[in-house]
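Subject: Structure handover

Hi,

Here is the structure I promised to pass on to you. My notes on what turned up in it follow just below.

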Amino acid sequence: MAARAGVGKDTIYRRWSGKPELVFEAVFTTTDDAPPPDTGTLAGDLTVLLQGLVDEFRAPAAAAALPGLLADFAADPELKARIRSDFLAPSKERLLVVFERAVLRGEIAPETPVDLVLDTLAGAVFFHVGLVGESPDPQLAALLAAVVAKGIEVR
């Protein structure tokens, strides 16, 4: 890989401490640079976020990389911690903006367990598309967003 990029292995390993980190970033962080969506509703924002996740998980590269990455994560707790801190935490921080806006609009309560909601959404997409390998219904993102937004709305 380093030779194709025209750099030495040292250059690669300065940025990524191993192949799993490199693969994870290359395959699963393609939508992380996008600004948080602002459709005016929590359900709308979640639909945009979830559609990005669905698209990411159903890409051929993700399907090919996922089994190996899962094995690497299970075998190496330090790798799992690095992925959480280096890749997932910044992405999660960006997504918190969506929930802060929903609180300001009065859609959800300030004490909503946002981390649990995000894990639920990502887990549903991961299980449905990445693990089970189902071809997602075109409405999957919107349906999940509607179910979760309804479940955490202020009553």
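Let me start with Phe127, which sits in helix α7. Please keep in mind throughout that this is a predicted model.

Phe127 belongs to a nonpolar patch on the surface, and its partners there are Leu70, Leu131 and Val132. Together the four residues expose about 350 Å² of accessible area.

Helix α7 also takes part in a salt bridge. The side chain of Asp119 pairs with that of Lys92, at 3.5 Å from N to O. This pair links distant parts of the chain, since Asp119 is in helix α7 and Lys92 in helix α6, 27 residues apart. Both ends are partly exposed: Asp119 has a relative accessible area of 46%, and Lys92 has one of 27%.

How many salt bridges are there by this rule? The count comes to six, and a few of them deserve a closer look.

One joins the side chains of Arg105 and Asp45, with 3.8 Å between N and O. Arg105 lies in the loop between α6 (77–104) and α7 (114–131), while Asp45 is in helix α4 (residues 42–58), so this salt bridge ties together parts that are 60 residues apart in sequence. Is Asp45 buried or exposed? Asp45 is buried, with a relative accessible area of 0%. Arg105, on the other hand, counts as partly exposed at 32% relative accessibility. The pair does not stand alone, as Asp45, Arg105 and Glu107 are linked in a network of salt bridges.

Another salt bridge is formed by Glu153 and Lys150, whose closest N and O atoms are 3.0 Å apart. Glu153 is partly exposed, at 28% relative accessibility. Lys150 is partly exposed as well, with a value of 49%.

Finally, a word on helix packing, which brings us back to α4. Two packed helices are described by the angle between their axes and the distance between the axes. For α4 and helix α5 (residues 60–75), the angle is about 70° and the axes are 5 Å apart. Angles from 65 to 115 degrees count as roughly perpendicular, which is why α4 is described as roughly perpendicular to α5. On the α4 side, the contact is made by Glu56, Phe57 and Arg58. The α5 side contributes Pro60, Ala62, Ala63 and Leu66.

Happy to talk any of this through whenever it suits you.

Best wishes

Note on methods. Residues numbered from 1 in each chain as written. Predicted model: local features only at pLDDT ≥ 70, side-chain atom pairs only at ≥ 80, totals over all residues. Heavy atoms only, no water. Helix = DSSP H or I, 4+ residues; strand = E, 2+ residues; numbered from the N terminus. Buried < 20%, exposed > 50% of the residue type's maximum accessible area, 1.4 Å probe, protein only. Patch = residues over 30% accessible without salt bridge, like charges linked within 9 Å, V, L, I, M, F, W, Y side chains within 5 Å. Areas by Shrake-Rupley, 256 points an atom, 1.4 Å probe, with all protein chains shown as cover. Axes fitted to C-alpha atoms, helices over the stretch in contact; angles between N-to-C directions. Parallel < 35°, antiparallel > 145°, perpendicular 65-115°, else oblique. Contact = heavy atoms within 4.5 Å.
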